[in-house]
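This report describes one protein chain, beginning with a single residue and proceeding to the whole fold. Please consult the sequence and the structure shown below while reading.

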Amino acid sequence: MSISPEPRGPQAAEKTARDWVKVLANYREPNVRRSVFELAVTVVPFLLLWVLAWWSLSVSYWLTLALSFPIAAFLLRLFTIQHDCGHGSFFTNRRVSDWVGRVIGVLTLTPYDVWRRTHSIHHSTHGNLGKRGMGDIHTMTVAEYRALGRWDRLMYRIYRHPVTLFGFGPGYLFFLQNRIPYGLMGQARYWISAMGTNLTILVAVGTIWYFGGLMPLVLIFVPATLLAATAGMWLFYVQHQFETTQWEQEEDWHLHDAALHGSSHYVLPPVLQWISANIGIHHVHHLYSRIPFYRLTEVLRDHAELAEGNKMTIRESLANARLHLWDEDSKRLLSFAQARQVPG
């Protein structure tokens, strides 16, 4: 995998992560017309595909199921727009961003205010070994894993297995866990967000059932949601789970370094990059989350050294599914087999 711990080139060597923050501030302002356009070219096809899939129920259930794939693609893109709204980067008006995010949150089965808070914690703590557990993929160090008993080791292995993370995990997360303000249970505002989203989802599902019966839910709603959730889970995983990512103990952890060097640049084919709304340019996003997704490509165009940092192709990313334990000595994410070779 083509991962470089520092951006390449003579100019890049002179810039620290904090220096890059100052550079990236020039890209933070959204263009309202562009934002409206990006929202329209995502919502309109999503709705039209839903109508087409519903109509296709009278033709072929297999055709309906096939149409759930492009619906899932646009649903994934909607989630990424919701993600930008949560960072306040999609519209200049924060209230507009929040309400667009809340509406999209009904479609993505994600209570917007709950997600915005947990995702904010993820951004402010990622790579900090002393503050794991909120909005991230749980990652243990080699030493921590070795200190566990057999049962706890087995539980961690099951949790980190691809079947769990990308098979059962997406459905559990979006259909079950998102129904409560997980991690924020003690605050009323997040219960309001979760229950308000749940109620709206219930009304929407009930309306679909009333007018179309069970099959639109079984052949469109459920498979499209699961497909989008699985793709989203994979994207989230590869954004931080790669061999030369960065984890540090709290006393050695630095926010900007963790953002730039602990996040990948996932190089995708143009169509997948469009569907995922440039979320693969994650090292730049994590370093300056106020940049609208459609301006991330401007950053790479203007700063070639950032375009080269932490690059990862789809083929290279597949190997990351077998990496599970952080080795504090070598500063590498290792597989269980590799961890057994670590002295100690």
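G232 is partly exposed, because its relative accessible area is 24%; buried means under 20%, exposed over 50%, and partly exposed in between, with a 1.4 Å probe and protein chains only. The residue belongs to helix α11, which covers residues 215-240. Helices (H or I, at least four residues) and strands (E, at least two) are DSSP runs numbered from the N terminus. L75 is 157 residues away from G232 along the chain, and the C-alpha atoms of the two are separated by 10.0 Å.

The model is predicted: local features need pLDDT of at least 70, side-chain atom pairs count only at pLDDT 80 or more, and totals for chains, interfaces and linings use all residues. Residues are numbered from 1 along each chain as its sequence is written, and side-chain values use heavy atoms, with hydrogens and water left out.

T42, in helix α3 (residues 32-56), counts as buried because its relative accessibility is 0%. Leaving aside residues up to four places away in sequence, T42 touches F74, R77, L78 and I81, where contact means heavy atoms within 4.5 Å.

The UniProt record, an unreviewed entry, places the feature "transmembrane region" at residues 36-55, 61-79, 158-176, 188-211 and 217-237. It also places "domain: Fatty acid desaturase" at residues 62-315. Such annotations may be inferred rather than shown by experiment. The table describes three of the annotated spans.

| Span | Helix | Strand | Distance between end C-alpha atoms |
|---|---|---|---|
| Residues 62-315 | 66% | 2% | 30 Å |
| Residues 158-176 | 95% | 0% | 19 Å |
| Residues 217-237 | 100% | 0% | 28 Å |

For the protein chain as a whole, the secondary structure comprises 18 helices and 5 strands. Its radius of gyration is 21 Å, which agrees with the value near 20 Å that a compact globule of 344 residues would have; the radius is taken over C-alpha atoms, and the globule rule is 2.2 Å times the number of residues to the power 0.38. Along the principal axes, the C-alpha atoms fill a box of roughly 60 × 50 × 40 Å. Of the 344 residues, 51% are buried. Among contacts with a separation of 6 or more, 71% join residues 24 or more positions apart.
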